[in-house]
Amino acid sequence: MGDRGTSNHSEVTDFILVGFRVLPELHILLFLLFLLVYAMVLLGNVGMMAVIMTDPRLNTPMYFFLGNLSFVDLFCSSVIAPKALTYFWSESKSISFAGCVTQLFLFALFIVTEGFLLAAMAYDRFIAICNPLLYSVQMSIRLCSQLVAGSYFCGCISSVLQTSMTFTLSFCASRTTDHFYCDTGPLQRLSCSDLFINKMVSFSFSDIIILPAIVAIIVSYLYIVSTVPKTRSTGGCKKAFSTCSSHLGVVSVLYGAVFFMYLTPDRLPELSKVVSLCYTLALPR
């Protein structure tokens, strides 16, 4: 690759994915485990979308958002899983430079979009529980479409910024990234460039783009928590709890895993890989 100070990212033709540091004998077992989980993700999300599209009774804002969430989750997992399966099955551990760029771009797009869709679903639950009489008026088809389109737009903007800032870095002699897919952190550790501006821009952009989604979720659930105890109907309380508990569980797992991955020191890379599985393959819906 040349001298450390003069190496440039254009010289890199591929990257080596270290993956999980386990005994070779366990690769087949992990392959089968990944394949099983990925098959469940495919069947679950495709089945969910098929039911929502074919059942007229599910033509509601909540299921409209859920269908889009299933679509995003399906493709988010599909960006990561095939290459991970290839890693366990094949002796080749490399991914091309173009493949790495594509994987990071698509993964960032879908994972950020998913976060915003969860915020839109929190707002939907807030209106349904706190203002049920105005629900059909406030959660119109137009507003739901705008919220979904806005989620994809924010995901695209975030993805473009994150990918461009990562792959305009100068990479050093090593091309071995300690992960099972192309992610920002492991790739930055291969860089010879000064990462201060890169990290400051990413952090500032996260505050501008991601923070509003988190605030929207927190505020929505604060209103929901304050409203549910005032509901006189026991059935109403149970319905509110059932519709919010699964969504809140997904929010907790997704944002908890993301915060751990990107806002804590990376001293335990193997633990980080396990945590990343929570939002790439094993995130419950």
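In which helix is the place of cysteine 154? In this predicted model, cysteine 154 belongs to helix α5, which spans residues 141-167. Its relative accessibility is 17%. The cut-off for a buried residue is under 20%, so cysteine 154 counts as buried. Contacts of cysteine 154 were examined without its neighbours within four places in sequence. Val112, Phe116 and Ile209 then remain as its partners. Valine 112 lies 42 residues from cysteine 154 in sequence. In space, the C-alpha atoms of valine 112 and cysteine 154 are 7.3 Å apart.

Glycine 47 offers a second local view. This residue sits in helix α1, residues 27-54. Its relative accessibility is 28%. Buried requires under 20% and exposed over 50%, so glycine 47 counts as partly exposed. Serine 70 is 23 residues away from glycine 47 in sequence. The C-alpha to C-alpha separation of glycine 47 and serine 70 is 9.3 Å.

Helix packing was examined for α2 and α3. Two packed helices are described by the angle between their axes and by the distance between those axes. Helix α2 covers residues 61-89, and helix α3 covers residues 97-130. Their axes come within 9 Å. The crossing angle is roughly 160°. Angles over 145 degrees count as roughly antiparallel, so α2 is roughly antiparallel to α3. The crossing of α2 past α3 is left-handed. Residues in the contact of α2 with α3 divide into 18 nonpolar, three polar and five charged.

The sheet comes next. Strands of a sheet pair through backbone hydrogen bonds, in either a parallel or an antiparallel sense. Here, three strands form an open sheet in the order β2-β1-β3. The pairing is mixed. Strands β2 (94-96) and β3 (176-177) stand at the edges. Each edge strand has a single partner strand, so one side of each is left without a neighbour in the sheet. Strand β1 comprises residues 14-17. Three bridges join β1 to β2, and the two strands pair in the antiparallel sense. Across this pairing, phenylalanine 15 stands opposite isoleucine 95 of β2. Helix α3 packs on the sheet and touches β1 and β2. The direction of α3 makes about 85° with that of β2.

Helix α3 therefore enters two of the arrangements described: α3 is crossed by α2 in a left-handed sense, is roughly antiparallel to α2, and packs on the sheet.

Terms used. Residues numbered from 1 in each chain as written. Predicted model: local features only at pLDDT ≥ 70, side-chain atom pairs only at ≥ 80, totals over all residues. Heavy atoms only, no water. Axes fitted to C-alpha atoms, helices over the stretch in contact; angles between N-to-C directions. Helix = DSSP H or I, 4+ residues; strand = E, 2+ residues; numbered from the N terminus. Parallel < 35°, antiparallel > 145°, perpendicular 65-115°, else oblique. Left-handed = near helix turned anticlockwise from the far one by under 90°. Nonpolar A, V, L, I, M, F, W, Y, C, P; charged D, E, K, R; others polar. Pairing = 2+ DSSP bridges. Contact = heavy atoms within 4.5 Å. Buried < 20%, exposed > 50% of the residue type's maximum accessible area, 1.4 Å probe, protein only.
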